[in-house]
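Please open the model in your viewer and get your selection tool ready. We will go from stop to stop, picking residues as we go.

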Amino acid sequence: MAETAKLVVGSEQVELPLFVGTEGERAIDISRLRSDSGLVTLDEGYVNTGSTRSAITFLDGERGILRYRGYPIETLCANCDFVEVCYLLIYGELPTRDQLEAFRASICRHTMLHEDVRQFYNGFPSDAHPMGILASVVAALSTFYQDSLDPHNPRHVEVSIHRLLAKLPTIAAYSHKKSVGQPFIYPQNERSYCDNFLQMMFAVPCEPYESDPDFVHALNLLLICHADHEQNCSTSTVRMVGSADANLFACVAAGISALWGPLHGGANEAVVNMLERIRDDSGNVQKYVNMAKDRNGGFRLMGFGHRVYKNFDPRAKIIEAECRKLLSKMSIRDPLFEIAQQLEDVALNDDYFVERKLYPNVDFYSGVIYRAIGIPVPMFTVLFAMGRLPGWIAHWVEMHELSNKRIYRPRQVYTGPTEREFVPVNQRG
Ligand code: CMC
């Protein structure tokens, strides 16, 4: 007989089914709780709420495990490029050689933006944050591709997926060119995904441009590390908006906006700002650790802590190793990297951080690599968005394939005034 959970409330007992995942996670299915008992659950910040079943990413925060479609993140970083991981996440299996070639070729064919999209960039102020531009331009793509917006039409979905994957780097690089007043550089489709992005970022029309292969490698690795992280804030946003049957461009634009927040993807930018602040304050690491421990001070060590990881974030380990390798190969001595390592040492030996299981997360070292590549700080979260895009898409597709897909509509527990008598404005004191 299937195992159940029993909930006793006063004299009433409610029996609830248990759902067990493939990694042995046990969840109490409360979807019928209200209709059977009148009770709702309360879980502010969704700390312990499984919003869906999902077969895309497994993570075990206690053991520091992260796997996409069953493959450990370490294995994927060592053996794949980002495009191959996109295929894996979206279609569920590693591609054959032919499938991968066809996928790459299709993405290459969609890299250009409609020429009218370029005009949008003239409307933004020159100091516009590139995440604002990214969200706006991605949302605007829905107005250019009105022929393929139906989330229930597999052909529409497929072409929108390829367009988004292909065009996001172009949109991102144009926002950088706009901010530095340089001409936009068209994509070159014979280049690989990351190489092409770097040339759109850094080439100028008057000179030939070759990307550094080490930068291409590091960028692939960073994008893979960011590619999915199950039901995080931006992915849940994409699924939430998608549950209303909004088109894929609108959903991804919403995900980009969620990612922008400094508690989420915006943390990589905040980390570098914090490391610069410490450097300019005579490198006094202990002072900032003490500030972070003062619960009334409102200061946090950015790049530390995670809702799910209560052990080392495996992505942080991979990125730190790449950071060390890249900086030593390029003979760069970056004081921010040194401060980051000192901060990590001090924090990991401090009771406050040990007790709360606060470790460096994915954003802690990524900014140091971006700096070495020459990517400006406001573009860091844009890079995170480029990495997270296949995850958003995979979740959007998975949600639409659920046999019991319904619009996301959480309950609440109302705490406002009970019914009151209306007083006309001229009688209010
Ligand atoms: N520095 C100092 N104290 C911290 C930190 C930090 N970075 N993070 C958590 N704490 C403390 C917090 O004050 C609380 O202490 P207490 O129990 O005494 O009240 C305890 O640790 C638990 O923190 P929480 O805020 O309840 O944990 P959460 O799961 O709600 O938040 C987090 C997770 C990632 C938002 C948080 O750790 C944080 O703000 N970190 C800094 C921002 C950051 O690096 N974000 C990137 C996350 S990883 C990439 C991504 O998701 O995009």
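Here is a short tour of a predicted model, with something to select at each stop.

**Stop 1: the sheet at the start of the chain**

Begin by selecting residues 4-9, which make up strand S1, and add residues 12-20 for strand S2. Then include residues 26-28, which are strand S3. You now have an open sheet of three strands, in the order S1-S2-S3 and with antiparallel pairing. S1 and S3 stand at the edges with a single partner strand each, so one side of each has no neighbour in the sheet. Turn the view a little and look for the twist, which averages 30° from one strand to the next. As background, the strands of a sheet pair through backbone hydrogen bonds, in either a parallel or an antiparallel way.

**Stop 2: the S1-S2 hairpin**

Zoom in on the join between S1 and S2. How many bridges join S1 to S2? There are six, and the two strands run antiparallel. Pick Val 9 and you will find its bridge partner, Glu 12, in S2. The hairpin has two residues between the strands, and Gly 10 takes a positive phi near 60° there.

**Stop 3: the S2-S3 hairpin**

Move along to the pairing of S2 with S3, which is antiparallel over three bridges. Select Phe 19 together with Ala 27, its bridge partner in S3. Do the same for Leu 18, whose bridge partner in S3 is Ile 28. Five residues lie between S2 and S3 in this hairpin, and in the turn Gly 24 has a positive phi of about 85°.

**Stop 4: a nonpolar patch on the surface**

Switch on a surface view and colour Val 40, Leu 42 and Val 413. These form a nonpolar patch on the surface, and together they have about 260 Å² of accessible area. Keep Leu 42 selected: this residue sits in the loop between helix H1 (33-37) and strand S4 (57-60). Is Leu 42 buried or exposed? Its relative accessible area is 59%, so Leu 42 is exposed.

**Stop 5: helix H8 and its cover**

Hide the surface and select residues 193-202, which form helix H8. Nine of its 10 residues are buried, so H8 is largely enclosed by the rest of the structure. The buried ones are Tyr 193, Cys 194, Asp 195, Asn 196, Phe 197, Leu 198, Gln 199, Met 200 and Met 201. What covers the buried residues of H8? Show helix H3 (82-91), helix H4 (97-109), helix H7 (154-180) and helix H9 (213-226), which are among the covering elements. Helix H17 (363-373) and helix H18 (380-401) are also included in the cover.

**Stop 6: Ser 160 in H7**

Stay with H7 and pick Ser 160, which lies in this helix. At 3% relative accessibility, Ser 160 counts as buried. Setting aside neighbours within four places in sequence, Ser 160 is in contact with Ser 148, Leu 248 and Phe 249.

**Stop 7: Glu 398 in H18**

Finish in H18, where you will find Glu 398. With 12% relative accessibility, Glu 398 counts as buried. Display Arg 53, Ser 54, Ala 55, Ile 56 and Arg 239, which Glu 398 touches when residues up to four places away in sequence are not counted. Finally, draw a distance from the C-alpha atom of Glu 398 to that of Ile 171: the two are separated by 26 Å and lie 227 residues apart along the chain.

Key. Residues are numbered from 1 along each chain as its sequence is written. This is a predicted model: local features need pLDDT of at least 70, side-chain atom pairs count only at pLDDT 80 or more; totals for chains, interfaces and linings use all residues. Side-chain values use heavy atoms; hydrogens and water are left out. Two strands pair if DSSP finds at least two bridges between them. Helices (H or I, at least four residues) and strands (E, at least two) are DSSP runs, numbered from the N terminus. Axes are lines fitted to C-alpha atoms, for helices over the stretch in contact, and angles run from 0 to 180 degrees between N-to-C directions. Buried means under 20% relative accessible area, exposed over 50%, partly exposed in between (1.4 Å probe, protein chains only). Contact means heavy atoms within 4.5 Å. Patches are made of residues with over 30% relative accessible area and no salt bridge: like charges are joined within 9 Å, nonpolar side chains (Val, Leu, Ile, Met, Phe, Trp, Tyr) within 5 Å. Accessible areas come from the Shrake-Rupley method with a 1.4 Å probe; for residues, only the protein chains shown count as cover. A salt bridge is a side-chain nitrogen of Lys or Arg within 4 Å of a carboxyl oxygen of Asp or Glu.
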